[in-house]
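Colleague: I should like to learn how to read a structural model, feature by feature. May we begin with this one?

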Amino acid sequence: MSHNTLSNIIPSKLPFHIIVKPIGAVCNLNCTYCFYLPKTLLYPNKEDFRMPDEVLDNFTRQYIESQPESVQEIHFSWQGGEPTLLGLPFYKKAVALQKKYQRPDMSILNTIQTNGTRLDDAWGHFLHDESFLVGISIDGSEKIHDRFRIAPTGRGSFREVMHGLEILKKHNVEFNTLTVVTRINGDQPHPTYDFLKEIGARFFQFIPIVEREENGSIKAESVGSRQWGRFLIGVFERWLENDIGEIYVQFFDLFLGLFMNLPASLCVHAETCGRAVALEHNGDLYSCDHFVFKPHYLGNLMDSPVSTMLDGEFQREFGEQKRSGLPLYCRECRYLKMCNGGCPGHRFLKAPGGEAGLNYLCEGYKLFFQFAHPYFRAMAECLREGQPASDYHRFLKTSPCPQAKPGRNTPCPCGSGEKYKNCCGI
């Protein structure tokens, strides 16, 4: 199918999100835990990974026109690799195309995830003037950050990242932090939280690194499952102290929303997936950012309409498999509605019953949910009463002291409605 035959765009049946890799996996850093750097191997013998103008134009138009009419806000998410390697002219062109194809009833937002090392005043002016939300990758203090986030020469990147952060502050650019949780900082939730707060961040994202060797074993830099749970608990403790309503942690916003019966704000813990896809520099579309592999190649938007690829049988089955592929161990778990099996990319263990599909981080999630769910329940009660979540103490039903532990079949004192043996007594 030629580019000209894509003149009539058919809207997709459901809203969707595209993560754009406009320079593919090319990056000026060589972070040792990065799962995306090897994706250049999908395009052997290729040297130029810059997104061509015709692909940028076609993508922008299709992304806007393929959304259902009910969609009134659309997010362009620029990632990599390192997306700033394309330079400012590319993003000025991107913004101009967005304005060209923007629907009258639609607002457009741009986010860019960057390592921050290439930001200068020109970038600061542009990001501010065009209201970009910047995600800046930083893993903690200099010693922690430079353990994995290094230049190809082996030199740490911390100081350059901090300079980039100062550029964002200088130009009043809205930013959040993305912190990869590894086996190193996974044991330091309190120092990590305190550091992010000290550098002026107010919106935190934490991503657990779970990578495997070719033989299936877990790579050394990966966070442990229980370690991940303890990390979340530690961050949650710090947040509870006096930062509710002041600091926003992506995971906590997600879980509180679930207690408010809102749909999951992250695909990781949604019941199904498949509506957040990844676009490579040349227009190739893949099922997910974590499934940029040949078996999950959907097609190229220069040849096939985005809506046709997203609504096709292969992608629908991919999204539904997240729910239908859960082992009985997960389906019977009291935390299923909070977890929904987690990211399919992490579901490579066997459950106690022998079924495949258990999430590597399951044990850690359970630790966190067991600790935090009374607090989320109390916060949700506050919000339903029109009170701030920081007043959760009013609705918190604390567990009794060990000497007064309830019987196994009595209602759990946390207020969950479950028997104690199936709740906090697990």
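Modeller: Let us begin with one helix and its surroundings. The buried residues of helix 1 pack against strand 1, strand 2, helix 2 (88-101), strand 3, strand 8 and helix 9 (306-310). Please keep in mind throughout that this is a predicted model.

Colleague: Which residues of helix 1 are buried?

Modeller: They are V55, L56, N58, F59, T60, R61, Q62, Y63 and I64. As a general idea, an α-helix has 3.6 residues a turn, so residues three or four places apart point the same way. As for its length, helix 1 has 13 residues and reaches 18 Å from its first C-alpha to its last, close to the 18 Å expected at 1.5 Å a residue.

Colleague: Which strands does helix 1 lie across?

Modeller: Helix 1 (residues 53-65) lies across strand 1, strand 2 (73-78), strand 3 (107-114) and strand 8, and runs at about 150 degrees to strand 2. Helix 5 (residues 158-170) also packs on the sheet, where it touches strand 4 (133-137) and strand 5 (175-181). The direction of helix 5 makes about 160 degrees with that of strand 4.

Colleague: What is the order of the strands in the sheet?

Modeller: The sheet is open, has 10 strands with mixed pairing, and follows the order 7-6-5-4-3-2-1-8-9-10. Strand 7 (248-249) and strand 10 (297-300) stand at the edges with a single partner strand each, so one side of each has no neighbour in the sheet.

Colleague: How many bridges join strand 1 to strand 8?

Modeller: Strand 1 (residues 17-20) and strand 8 (residues 276-279) run parallel and are joined by 4 bridges. Within this pairing, I18 has V277 of strand 8 as its bridge partner.

Colleague: How should one check the length of helix 7?

Modeller: One compares the expected span with the distance between the end C-alpha atoms. Helix 7 (residues 225-242) has 18 residues, which at 1.5 Å a residue should span 26 Å; its end C-alpha atoms are 28 Å apart, which agrees. Its buried residues include W228, F231, F236 and W239. Among the elements that cover the buried residues of helix 7 are helix 6 (189-198), strand 6 (203-208), helix 8 (250-259) and helix 13 (362-384).

Colleague: Is S12 buried or exposed?

Modeller: S12, in the segment before strand 1, counts as buried because its relative accessibility is 4%, and the cut-off for buried is under 20%. The side chains of S12 and R275 are joined by a polar contact of 2.7 Å. Beyond its neighbours within four places in sequence, S12 also has contacts that include S66, P68 and D311.

Colleague: Which residues have a backbone that deserves a second look?

Modeller: A cis peptide bond, with omega of about 10 degrees, joins G80 and G81; G81 lies in the loop between strand 2 and helix 2. S131 is not a glycine, yet has a positive phi of about 55 degrees. N340, also a residue other than glycine, has a positive phi near 55 degrees. S131 counts as exposed at 53% relative accessibility, whereas N340 is buried with a relative accessible area of 12%.

Colleague: Where does the pLDDT stay under 50?

Modeller: It does so over residues 1-5, for which the model has 7 contacts beyond four places in sequence. Residues 399-404 also have a pLDDT below 50, and that stretch has 3 contacts beyond near neighbours in sequence. The chain averages a pLDDT of 93, and 92% of the residues score at least 70.

Note on methods
Residues numbered from 1 in each chain as written. Predicted model: local features only at pLDDT ≥ 70, side-chain atom pairs only at ≥ 80, totals over all residues. Heavy atoms only, no water. Pairing = 2+ DSSP bridges. Helix = DSSP H or I, 4+ residues; strand = E, 2+ residues; numbered from the N terminus. Contact = heavy atoms within 4.5 Å. Axes fitted to C-alpha atoms, helices over the stretch in contact; angles between N-to-C directions. Expected span 1.5 Å × (residues − 1). Buried < 20%, exposed > 50% of the residue type's maximum accessible area, 1.4 Å probe, protein only. Polar contact = N/O pair within 3.5 Å; in protein donor to acceptor, adjacent residues only side chain to side chain. pLDDT = per-residue confidence, 0-100.
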